[in-house]
Amino acid sequence: MSKYQTTIISGIYKGKKINLPSLDTTRSSKTVVKESYFNTIQFDVIECNIVEVFAGSGSVGMEALSRGAKHAYFMEKDSAAFKTLSQNIKSLGADNATAILGNSFETISQVIKALARSKEKAYFYVDPPFSFREGMEEIYNKTFDTLSSIPVEMVEMITIEHMTGLELPENIGELKLKKSKKFGKTTLTHYV
């Protein structure tokens, strides 16, 4: 069992603990940030899909499933974090979850194909590694380019968790910046 854990806030898995990967490789979304996100989308997540890009433990997608999301797609490239994510899905018994190991910039095409087959939309929650990490300087530009490639008819909303103070573009593809909310060093920015 991991020494780091977070708790599902609401829904059918409320109170259940999920393990977090090593804090050296991932950075878990804070509870206050998750609460704000789910206050924003409220009941719209019910029977909808969620895609957690750079998923880490999968805490946002698991929270969405707990609150009635139809299916969650998780993308994670770190093998240790992916192992934790897979164990979390199993421990919750979430059979409506798909975990994809690999670089999110490449594996997003698998999710787009799955959504196209089902002719469904999704909420995209994107939490890239903060760019002050070694080798991560280009991460946001690559993220914006990748998100721009998602067909707009598949998007309910894109939310990016990022460093406060980082200037995000007004548009990502055809989507427009709707609002940003700051939580200390972290900001959530929503595009619709």
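Let's start with a cut-off: a residue is buried under 20% relative accessible area, exposed over 50%, and partly exposed in between. The structure above is a predicted model, and the exercises below work through it.

**Exercise 1. Is Glu47 buried or exposed, and what is odd about its backbone?**

Step 1: find the spot. Glu47 sits in the loop between helix 1 and strand 3 (49-53).

Step 2: apply the cut-off. Glu47 has 57% relative accessibility, so it counts as exposed.

Step 3: check the backbone. Most residues other than glycine have a negative phi. Glu47 isn't a glycine, yet its phi is positive, at about 60 degrees.

**Exercise 2. Do the same for Lys119: where is it, and is it buried or exposed?**

Step 1: Lys119 belongs to the loop between helix 4 (104-118) and strand 6 (122-126).

Step 2: with 75% relative accessibility, Lys119 goes down as exposed.

Step 3: its phi is positive too, about 55 degrees, although Lys119 is not a glycine.

**Exercise 3. Work out which residues of helix 1 are buried, then look at what Ser36 touches.**

Step 1: list them. In helix 1 (residues 31-41), the buried residues are Val33, Lys34, Ser36, Tyr37, Phe38 and Ile41.

Step 2: think about helix geometry. An α-helix has 3.6 residues a turn, so residues three or four places apart point the same way. Keep that in mind as you look down the list.

Step 3: zoom in on Ser36, which lies in helix 1. Its relative accessibility is 9%, so Ser36 counts as buried.

Step 4: find its partners. Once you set aside neighbours within four places in sequence, Ser36 is in contact with Lys181, Phe183 and Leu188.

Step 5: step off the end of the helix. Just after helix 1, Gln42 takes a positive phi of about 45 degrees.

**Exercise 4. Lay out the open sheet: what is the strand order, and which strands are at the edges?**

Step 1: write the order. The open sheet has 8 strands, arranged 5-4-3-6-7-10-9-8, and the pairing is mixed.

Step 2: pick out the edges. Strand 5 (97-101) and strand 8 (171-172) each pair on one side only, and these are the edge strands.

Step 3: put the sheet in context. The chain as a whole has 5 helices and 10 strands.

**Exercise 5. Take strand 10 apart: how does it pair, and where do its side chains point?**

Step 1: start with one neighbour. Strand 9 (residues 175-183) and strand 10 (residues 186-191) are antiparallel, with 6 bridges between them. Along this pairing, Lys179 is opposite His190 and Phe183 is opposite Thr186.

Step 2: look at the hairpin. Strand 9 and strand 10 have 2 residues between them, and Gly184 takes a positive phi near 65 degrees there.

Step 3: turn to the other neighbour. Strand 7 (residues 155-163) also runs antiparallel to strand 10, again joined by 6 bridges. Here Ile158 stands opposite Tyr191.

Step 4: sort the side chains. In a regular strand the side chains alternate between the two faces of the sheet. In strand 10, Thr186, Leu188 and His190 point one way, while Thr187, Thr189 and Tyr191 point the other.

Step 5: check the cover. Of the 6 residues in strand 10, 6 are buried.

Step 6: try one residue. Thr186 has a relative accessible area of 3%, so it is buried. Beyond neighbours within four places in sequence, Thr186 is in contact with Lys30, Val33, Phe130, Glu161, His162, Thr164 and Lys181.

**Exercise 6. Zoom out: why does the chain agree with a compact globule?**

Step 1: compare radii of gyration. For 192 residues, a compact globule would come in near 16 Å; the chain has 15 Å, so the two agree.

Step 2: add the extents. The C-alpha trace spans about 40 × 40 × 30 Å along its principal axes.

Step 3: look at burial and surface. Of the 192 residues, 51% count as buried. The chain exposes about 9,400 Å², with carbon and sulfur atoms supplying 51% of that area.

Step 4: ask how far contacts reach. Of the contacts between residues at least 6 apart in sequence, 60% join residues at least 24 apart.

Step 5: finish with charge. The chain has 24 positive and 22 negative charges, and their mean positions are 6 Å apart.

Note on methods
Residues are numbered from 1 along each chain as its sequence is written. This is a predicted model: local features need pLDDT of at least 70, side-chain atom pairs count only at pLDDT 80 or more; totals for chains, interfaces and linings use all residues. Side-chain values use heavy atoms; hydrogens and water are left out. Buried means under 20% relative accessible area, exposed over 50%, partly exposed in between (1.4 Å probe, protein chains only). Helices (H or I, at least four residues) and strands (E, at least two) are DSSP runs, numbered from the N terminus. Contact means heavy atoms within 4.5 Å. The radius of gyration is taken over C-alpha atoms; the globule rule is 2.2 Å times the number of residues to the power 0.38. Accessible areas come from the Shrake-Rupley method with a 1.4 Å probe; for residues, only the protein chains shown count as cover. Lys and Arg count as positive and Asp and Glu as negative; His and the chain ends are not counted. The place of a charge is taken as NZ of Lys, CZ of Arg, CG of Asp or CD of Glu. Two strands pair if DSSP finds at least two bridges between them.
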